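Colleague: I should like to learn how to read the features of a structural model in an orderly way. May we take them one at a time, with the general idea before the particular case?

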Amino acid sequence: MKKNRKIRTKPVVIRNYRDTLFRMLYQDKKRLLSLFNAVNDTHYDNPDDLAITTLDGVLYLGMKNDISCIIDMMMQLYEHQSTVNPNMPLRNLFYVSDLLQKYIYEEGLDIYSRKQIKIPTPKFVVFYNGDEEQPERKEIHLSKAFAANTGETNMELIVLQININKGQNEELKAACQTLQEYAEFTERAREHRKEMELEDAIQTTIDECIRDGILKEFLLKNKAEVYHMCLYEFDVELHEKVLREEEREEGREEGREEGLNLAKQILEAFSRGESSEDIAKELNIPLEKVEDLVL
């Protein structure tokens, strides 16, 4: 029987309506168009051609999408993540469903029509800058979450994860100045956190970046808001790291306990005179595992 999980003593950070730095940066059409062009290798030059469609309300478990937009019937959903999240395809499925319902309603389209309606073509991108080792680019498939491994499915959603850490996707970042400077800002903040208290690390990062011309105009205009926003973001990141470590430790404890129970069962059966073959069959374990313990 598995050991009951221990009660959390650390206060749980609740995701709420606060914006993130990434989301706030790309609420600006000019910056968002630059990101769109960099991701898609396009050359649109009129920000007014782009419609920001980011969802405002809470969707599911307190989550909302970071940034979404449409241009020339191309719908792009962009997320920022500082932790590896294999559930991004499922989250994006929720997001795109709401966005398409909203689009159909606003355009007055009839899904019951005998004529095929046209909807924007979606693309899903996650910009990753966490401290776990990740490839430069990778695809995350919704089908990996399907419990029945039949090898066939009529449904798929693929999220492209783009690593924007230092030394990764430098050509892409060079094509979008804001993305490059955002990556530099977060890199400096993480480095300062190694040697300073969180509040000091964020303030130092903001001051340094203003001095060095990194997101300078944006930071000068939104200095106080960015400071509090970063406190929240890094607190969430730290909290998630603590939870992952607790879960790993609980898994190790449960594994040790299950191993001890199995060893006890093997020894008890052996003391009753059962053969190694019978014990392995009864406990549904490899014969070698039994022999390693009793021989």
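Modeller: Let us begin with two aromatic residues, bearing in mind that the model is predicted. Phe 22 and Tyr 182 are both buried.

Colleague: How are the rings of Phe 22 and Tyr 182 arranged as an aromatic pair, edge-to-face or stacked?

Modeller: The class follows from the angle between the ring planes, and an angle over 60 degrees counts as edge-to-face. Phe 22 and Tyr 182 meet at 65 degrees, with 5.7 Å from centre to centre, and form an edge-to-face pair. The pair links distant parts of the chain, since Phe 22 belongs to helix 1 and Tyr 182 to helix 5, 160 residues apart.

Colleague: What is the geometry of the rings of Phe 36 and Tyr 44?

Modeller: Their centres are 5.9 Å apart and their planes stand at 70 degrees, so this pair is edge-to-face. Phe 36 is buried, at 0% relative accessibility, whereas Tyr 44 is partly exposed, at 23%.

Colleague: How many aromatic pairs does a search of the whole structure find, and which residues form one aromatic cluster?

Modeller: The search finds five aromatic pairs. One cluster is formed by Phe 22, Tyr 26, Tyr 78, Phe 127 and Tyr 182.

Colleague: Which residues of the largest nonpolar core touch the most other members?

Modeller: A core of this kind is read as a network of buried nonpolar residues joined through their side chains. Here the largest has 42 residues, and those touching the most other members are Leu 21, Tyr 26, Leu 35, Tyr 78, Phe 127 and Phe 185. Two or more residues each come from helix 1, helix 2, strand 2, strand 4, strand 6, helix 5, helix 6 and helix 7. Helix 7 gives the most, with eight residues. Apart from this core lies another, of 17 residues, including Ile 70, Leu 77, Ile 140 and Leu 142.

Colleague: Which residues does Tyr 26 touch, not counting those up to four places away in sequence?

Modeller: With those neighbours left out, Tyr 26 touches Arg 31, Leu 32, Leu 35, Ile 52, Ile 67, Cys 176, Thr 178 and Leu 179. One of these partners, Cys 176, is buried at 0% relative accessibility.

Colleague: That raises the matter of cysteines. How many disulfides does a search of the whole structure find?

Modeller: A disulfide is assigned when two cysteine sulfur atoms lie within 2.5 Å. The search finds zero disulfides. Cys 230 illustrates the reasoning: the closest cysteine sulfur, in Cys 209, is 9.6 Å from its own, too far for a bond. Cys 230 is also buried, with a relative accessible area of 3%.

Colleague: How should one read the buried residues of a short helix?

Modeller: An α-helix has 3.6 residues a turn, so residues three or four places apart point the same way. In helix 8, which spans residues 276–283, Ser 276, Ile 279 and Ala 280 are buried. Viewed down the helix axis, the buried residues fall within an arc of 100 degrees and therefore line one face of helix 8. Glu 282 also lies in helix 8. Beyond residues up to four places away in sequence, Glu 282 touches Arg 272 and Glu 274. Its C-alpha atom is separated by 9.8 Å from that of Ile 266, 16 residues away along the chain.

Colleague: What sign of phi does Asn 284 take just after helix 8?

Modeller: Most residues other than glycine have a negative phi. Asn 284, just after helix 8, takes a positive phi of about 55 degrees. Met 73 has a positive phi of about 60 degrees although it is not a glycine, and Leu 215 has one of about 55 degrees. Met 73 is in the loop between strand 2 and strand 3, and Leu 215 is in the loop between helix 6 and helix 7. As to accessibility, Met 73 is partly exposed at 34%, while Leu 215 is buried at 5%.

Colleague: Which totals describe the protein as a whole?

Modeller: The secondary structure comes to nine helices and six strands. Of the 295 residues, 40% are buried. The accessible surface comes to about 17900 Å², and carbon and sulfur atoms account for 50% of that area. Among contacts with a separation of 6 or more, 61% are between residues 24 or more positions apart.

Note on methods. Residues are numbered from 1 along each chain as its sequence is written. This is a predicted model: local features need pLDDT of at least 70, side-chain atom pairs count only at pLDDT 80 or more; totals for chains, interfaces and linings use all residues. Side-chain values use heavy atoms; hydrogens and water are left out. Buried means under 20% relative accessible area, exposed over 50%, partly exposed in between (1.4 Å probe, protein chains only). Helices (H or I, at least four residues) and strands (E, at least two) are DSSP runs, numbered from the N terminus. The arc is that of the directions from the helix axis to the C-beta atoms. A nonpolar core is a set of buried Ala, Val, Leu, Ile, Met, Phe, Trp, Tyr and Cys residues joined through side-chain atoms within 4.5 Å. Contact means heavy atoms within 4.5 Å. Accessible areas come from the Shrake-Rupley method with a 1.4 Å probe; for residues, only the protein chains shown count as cover. Rings of Phe, Tyr and Trp (its six-membered ring) pair if their centres lie within 6.5 Å; planes under 30 degrees apart count as stacked, over 60 as edge-to-face and the rest as tilted.
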